[in-house]
Amino acid sequence: MKGIRVRFAPSPTGKLHIGGARTALFNWLFARSNKGKFILRLEDTDLTRSSEDSARSIMEDLQWLGLNWDEGPDKGGSFGPYRQSERLPVYRKYLQKLLQENKAYYCFCSAQELRAEREKAQQEKRDYKYSGKCRSLSKNMIKKHFQEGKKAVIRLKVPDTGQTVVDDLIRGKVEFANTLFDDFIIAKSDEWPTYNFAVAVDDYTMNITHVIRAEEHLSNTPKQMLIYEALGFQVPHFAHVSMILAPDRSKLSKRHGATAVEEFRNEGYLPESLVNYLALLGWATGKDKDFWDVEEMIRKFRLEDISRSPAIYDKKKLSWMNGHYLRRINLSRIVSLLEKEAQAKGWLEKDVSQEYFGRVVDLVRSRAKTVNEILDHAAYFFEEFDSYDEKGVEKYFCKDNSLDILYKALEIIEESPSFTAGELEESLRLQAEKMNIKAADMIHPVRLALSGRTATPGLFEVMEILGRSRCISRVKKAIEYIKKH
RNA sequence: GGCCCCUUGGUCAAGCGGUUAAGACACCGGCCUUUCACGCCGGUAACAGGGGUUCGAGUCCCCUAGGGGUCACCA
């Protein structure tokens, strides 16, 4: 398809949510796979809730995910400005047009009046619809109201016959009877447009060809179409993506743990695994394939392959996927992600080399699901510890021959010529044989002595990286510990 | 409540009138082994319910139920 333009239009009132991230991703994929443009627009007409901080963090998160935009508030473009708060003149122009053509009208009903009417309707169990009281106010009346200093909103004249049908690319035709809608407000009394009006005008003036957004907007779509119609605009294509739900099928919120992209980043998830996981949450090609790089996704992406049913996100699968990427990416990337934290822990002081740090990270990475977990697995390579795993002590330090084993191990450590994993293993196995015990019976106590833990990477690699002197002191320390207890 | 959308294992999902109803995560076994992780092998587990249409229905139609969304001078 030619000349495709899509947009992601968050309102900067908080962090980027994984649901938002996924609709941004689908937009981006659609644009990239069709050689179209991906536009970022900030819907910040609610000046009390919008903030510059939110705007910045949303843009950072999108960038972190690799969802770069072609036009947007920070980089401009020929259809700007890209923040609604800067587009008042545009809205005014179209509002004027509707007013002049008598397709919209000023309404002087106060918010209090309207609320009372709504409450009354509710009590009587009737559906509330605006009465249309101001629909045919005379020019003189309008002038008079304004002269009295009254504030007015602008309402759209909605036809009370016929129907509006949304031809949705994902859901097919969805019909709405026009009688469902009242003359809804398109401009507030402070002259700012309401959401539906701003969206319609922006999507049209920015030449958006496909509106891909969350399903929660499906019910708003006919209203926007009514606006398009009144304005004489041609409607874009619509595609409504289902929502992401919490594990209990309710709407995803903070109480369900991490929901913001930023939190996933801080927890040590990689952008490529988040993108991969999010893409699969609602998009399936029919091919049996779990791991996708963006190039492949771009090649295969089609709106028709997006699921209509809502998806519950499963952090365990995300973690599994993240672990997969963690094992595959360049070591240097993990190292640089970890450096700051390691620095803060005092792990990279004077005598610790980059190389040592890298070797440790590489050794433990396959045990971790997140970047942060790597640090947990690596701790004993950088810090002394003062307690041993309790069950381990019971199993490996309290046997009759425990001391004997550690003394023999100490000898090997002290006398090993090369101190390499291979050679250490050979000597230790030989020693076990001489003592007529299983190699495992030596390995476990030594592991506990060196790490304080019962689970570590292969012992001999751990030894090699730890180095001779540290191994000696730790085994000695363990011997002392056993003697004392 | 009105309107709209959705409904295949615990989760993501394939399926597009005829299949022993894939696969992945999770879970449970086993193998590997030096513990853990990885990897490999195997297992448990699903068409929400009821009516139609059809020789034949997870696939088409209707109803019911459940879930979600939306009905603001929020977006």
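Let's start with one pair of residues: Ile-154 stands opposite Ala-187, which belongs to β7. Keep in mind as you look that this is a predicted model. Ile-154 sits in a meeting of two strands, for β4 spans residues 153-156 and is joined to β7 by two bridges, with the two strands running antiparallel.

Now step back to the sheet around this pair. Strands of a sheet pair through backbone hydrogen bonds, either parallel or antiparallel. Here three strands make up an open sheet in the order β3-β4-β7, and the pairing is antiparallel. Why do β3 and β7 each have one side without a neighbour in the sheet? Strands β3 (104-107) and β7 (185-187) stand at the edges with a single partner strand each, so one side of each is left free of a neighbour there. From one strand to the next, the twist averages 45°.

A helix comes next. Helix α3, residues 88-100, lies across β3, β4 and β7, and runs at about 95° to β3.

Finally, turn to the empty space in the model. Rolling a probe the size of a water molecule over the atoms shows where such space is left. The largest pocket holds about 1200 Å³. It is lined by 42 residues, and those closest to its centre are Pro-10, Ser-11, Gly-20, Glu-216 and His-217. Which elements supply at least two residues each to this lining? They are β1 (5-8), α1 (18-33), α6 (195-205) and β8 (210-214), and α1 gives the most, with four residues. Sorted by class, the lining has 14 nonpolar, 15 polar and 13 charged residues.

Methods
Residues numbered from 1 in each chain as written. Chains lettered and ligands numbered in written order. Predicted model: local features only at pLDDT ≥ 70, side-chain atom pairs only at ≥ 80, totals over all residues. Heavy atoms only, no water. 1 Å grid on protein atoms, 1.4 Å probe; cavity = no way out; pocket = protein on both sides within 12 Å on 5 of 7 lines; lining within 4 Å. Points joined across faces, edges and corners; volume = space filled by probe spheres on them. Nonpolar A, V, L, I, M, F, W, Y, C, P; charged D, E, K, R; others polar. Pairing = 2+ DSSP bridges. Axes fitted to C-alpha atoms, helices over the stretch in contact; angles between N-to-C directions. Contact = heavy atoms within 4.5 Å.
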